[in-house]
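Q: Could you take one part of this chain and walk me through it closely? I'd like to see how that part sits in the rest of the fold.

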Amino acid sequence: MTSTAFDSAARAASDAAIPAVALTIAGSEATGGAGAQADLKTFQELGVFGIANLTCIVSFDPKDNWNHRFVPVEQQAIADQLEATTAAYGAASGAPSVLDTVKIGMLGSPATISTVATALAAAAFTNVVLDPVLICKGQEPGHALDTDQALKAQILPLATFVTPNHFEAESLSGLRITDLESLKAAAVRIHELSGAAVLAKGGVRLAGPDAVDVYYDGGTLEVLSAPKVGEVAVSGAGCSLAAAVTAELAKGATPLAAARTAKTFVTAGIRNRVASGAPFDALWQGGPR
């Protein structure tokens, strides 16, 4: 092989090895089971180069029923992270793998929501996956309500894919969810409100042997079902599901294909959960290996 041919082959192999890039804008969760830590592990397992911009630091308080201790990141620091990330990998960066897919996790305050909404609008991401964390356990109720309202008003309209859990689906849709049919109705309603593809999670919250989620994108409604692995929610399942959707979209999957892959990935991660001294288990992203 000539030097020129070798160089061309090497460049082709290098190009083929360039991973897709995905960003998570989320909180740090100290035990490693959820938040940005779960997102980055999910991205890595699914072959995507992951970037995390932190919005807050959350640590459970074992002296207070494991409620959250919530410390927000200063607004300028959040804006600086987003500026650096988009400059390095955004559409105008010249990077070989352009960052066009972002997952939104815990934002935690109206101020942070405003900062992130401004950055999202400026960056014009192709895929914006919203895991709508509406309530921080232990958070002051008035502040939580203000945060919820700001999220619905400023972030939800920018989303292209939304992954609400049972409580969040009820809050976003205004419907009470008691069974599969009402979960379907909520998914349809959230799509009507946002225009986004929706993966509404029933999980272990609905009665029956299977953990069921509902996908709806305005044209296709599909029930994603897998046998329940226990009857108790596992830390990081929701974060990892949304992160898996994000990773698959970053690689070019359709929203429905991304939802299917994410469901399979998370089910395996729940089955291979990690126990600790906390009163909950954590999903292990390495379980599907």
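A: Here is a walk along helix 7, then its setting in the chain, then a few loop residues.

First, the ground rules. This is a predicted model, so to speak plainly: local features need pLDDT of at least 70, side-chain atom pairs count only at pLDDT 80 or more, and totals for chains, interfaces and linings use all residues. Residues are numbered from 1 along each chain as its sequence is written, and side-chain values use heavy atoms, with hydrogens and water left out.

Helix 7 runs over residues 180-194, which makes 15 residues. Helices here are DSSP runs of H or I with at least four residues, strands are E runs of at least two, and both are numbered from the N terminus. From first C-alpha to last, helix 7 reaches 21 Å, close to the 21 Å expected at 1.5 Å a residue; the expected span is 1.5 Å times one less than the number of residues.

Which residues of helix 7 are buried? They are Ser182, Leu183, Ala186, Ala187, Ile190, His191 and Ser194. Buried means under 20% relative accessible area, exposed means over 50%, and partly exposed lies in between (1.4 Å probe, protein chains only). An α-helix has 3.6 residues a turn, so residues three or four places apart point the same way. As for what covers the buried residues of helix 7, the list includes strand 6 (161-162), helix 6 (166-173), strand 7 (197-203) and strand 8 (210-216). Just after helix 7 comes Gly195, with a positive phi of about 80 degrees.

Now zoom out. The chain has nine helices and nine strands. A compact globule of 289 residues would have a radius of gyration near 19 Å, and the chain agrees, at 19 Å; that radius is taken over C-alpha atoms, and the globule rule is 2.2 Å times the number of residues to the power 0.38. Along its principal axes, the C-alpha trace spans about 65 × 45 × 40 Å. Of the 289 residues, 47% count as buried. Among contacts (heavy atoms within 4.5 Å) with a separation of 6 or more, 65% are between residues 24 or more positions apart.

Back to details, this time in the loops. Val232 sits between strand 9 (221-227) and helix 8 (237-250), and at 59% relative accessibility it counts as exposed. Leaving aside neighbours within four places in sequence, Val232 is in contact with Val204 and Arg273. Val204 is 28 residues away along the chain, yet the C-alpha atoms of Val232 and Val204 are separated by 6.7 Å.

Ala124 lies in the loop between helix 4 (110-123) and strand 5 (127-130). Ala124 is exposed too, at 59% relative accessibility, and has a positive phi of about 55 degrees although it is not a glycine. Most residues other than glycine have a negative phi. Asn65, in the loop between strand 2 (49-61) and strand 3 (67-72), also has a positive phi of about 55 degrees without being a glycine, and it counts as exposed at 56% relative accessibility.

Ala91 links back to Ala124: their C-alpha atoms are separated by 9.0 Å, with their positions 33 residues apart along the chain. Ala91 belongs to the loop between helix 3 (75-89) and strand 4 (101-104), and is exposed, with a relative accessible area of 73%.
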